[in-house]
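User: Please take a close look at a single part of this chain. I should like to learn what surrounds it and how it fits into the rest of the picture.

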Amino acid sequence: FSRDGKILATAGKDQVIKIWDLELNQPGPTLSDHEGELLSMIFTQNDQSLITGGQDGKLRVWSWSR
């Protein structure tokens with residue numbers, strides 16, 4: 001969950017991250033670029049970006065507009 005509780009990010013073994021806008025009650029963007037399972041996710045302090053880490057040893061920074 002984002003810090004403000006308005007966004008939920010989910011990920012599965014399929015390496016796809018789904019963003020859910022809980023305030024508008026609708027799905028947001030779907031993100032994928034990791035090669036391997038996702039191991040961690042955290043929103044930045046301003047809730048404008050998501051940082052992910054995967055089995056591929058890479059960190060990704062995802063940003064989108066609401």
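Analyst: Leaving aside residues up to four places away in sequence, Gln48 touches Trp62, Ser63 and Trp64, where contact means heavy atoms within 4.5 Å. The model is predicted, so local features need pLDDT of at least 70 and side-chain atom pairs count only at pLDDT 80 or more, whereas totals for chains, interfaces and linings use all residues. Residues are numbered from 1 along each chain as its sequence is written, and side-chain values use heavy atoms, with hydrogens and water left out.

Gln48 belongs to the loop between strand 4 and strand 5, the latter covering residues 49-54. Helices (H or I, at least four residues) and strands (E, at least two) are DSSP runs, numbered from the N terminus. Because its relative accessibility is 40%, Gln48 is classed as partly exposed; buried means under 20% relative accessible area, exposed over 50%, and partly exposed in between (1.4 Å probe, protein chains only). Another residue to compare with Gln48 is Ser2: the two are separated by 46 residues in sequence, yet their C-alpha atoms are 9.1 Å apart in space.

The setting of this loop may be described next. The chain contains 0 helices and 6 strands, and from the N terminus its elements follow the order β-β-β-β-β-β. Its radius of gyration is 11 Å, close to the 11 Å that the globule rule gives for 66 residues, so the chain is as compact as a globular protein of that length. This radius is taken over C-alpha atoms, and the rule is 2.2 Å times the number of residues to the power 0.38. Along the principal axes, the C-alpha trace extends over about 30 × 20 × 15 Å. Of the 66 residues in the chain, 33% are buried. If one takes the contacts between residues at least 6 apart in sequence, 27% of them join residues at least 24 apart.

Salt bridges also connect separate parts of the chain. Their count comes to 2, a salt bridge being a side-chain nitrogen of Lys or Arg within 4 Å of a carboxyl oxygen of Asp or Glu. In one salt bridge, Asp33 pairs with Arg60 at 3.0 Å, N to O. Here the loop between strand 3 and strand 4 (38-43), which holds Asp33, is linked to strand 6 (residues 59-63), which holds Arg60, across 27 residues. Asp33 is partly exposed because its relative accessibility is 42%, whereas Arg60 is buried because its value is 19%.

Another salt bridge joins Lys6 to Glu23, with the closest N and O atoms 3.4 Å apart. Lys6 sits in the segment before strand 1 (7-11) and Glu23 in the loop between strand 2 and strand 3 (26-31), so that distant parts of the chain, 17 residues apart, are linked. Lys6 has a relative accessible area of 31% and is therefore partly exposed; Glu23 is partly exposed as well, because its value is 48%.

Strand 2 itself offers a contrast in burial. Trp20 lies in this strand, which spans residues 17-21, and a relative accessibility of 32% is why Trp20 counts as partly exposed. Asp21 also lies in strand 2, but its relative accessibility of 11% means that Asp21 counts as buried.

To return to the loop under study, Gln48 is partly exposed and has Trp62, Ser63 and Trp64 among the residues it touches.
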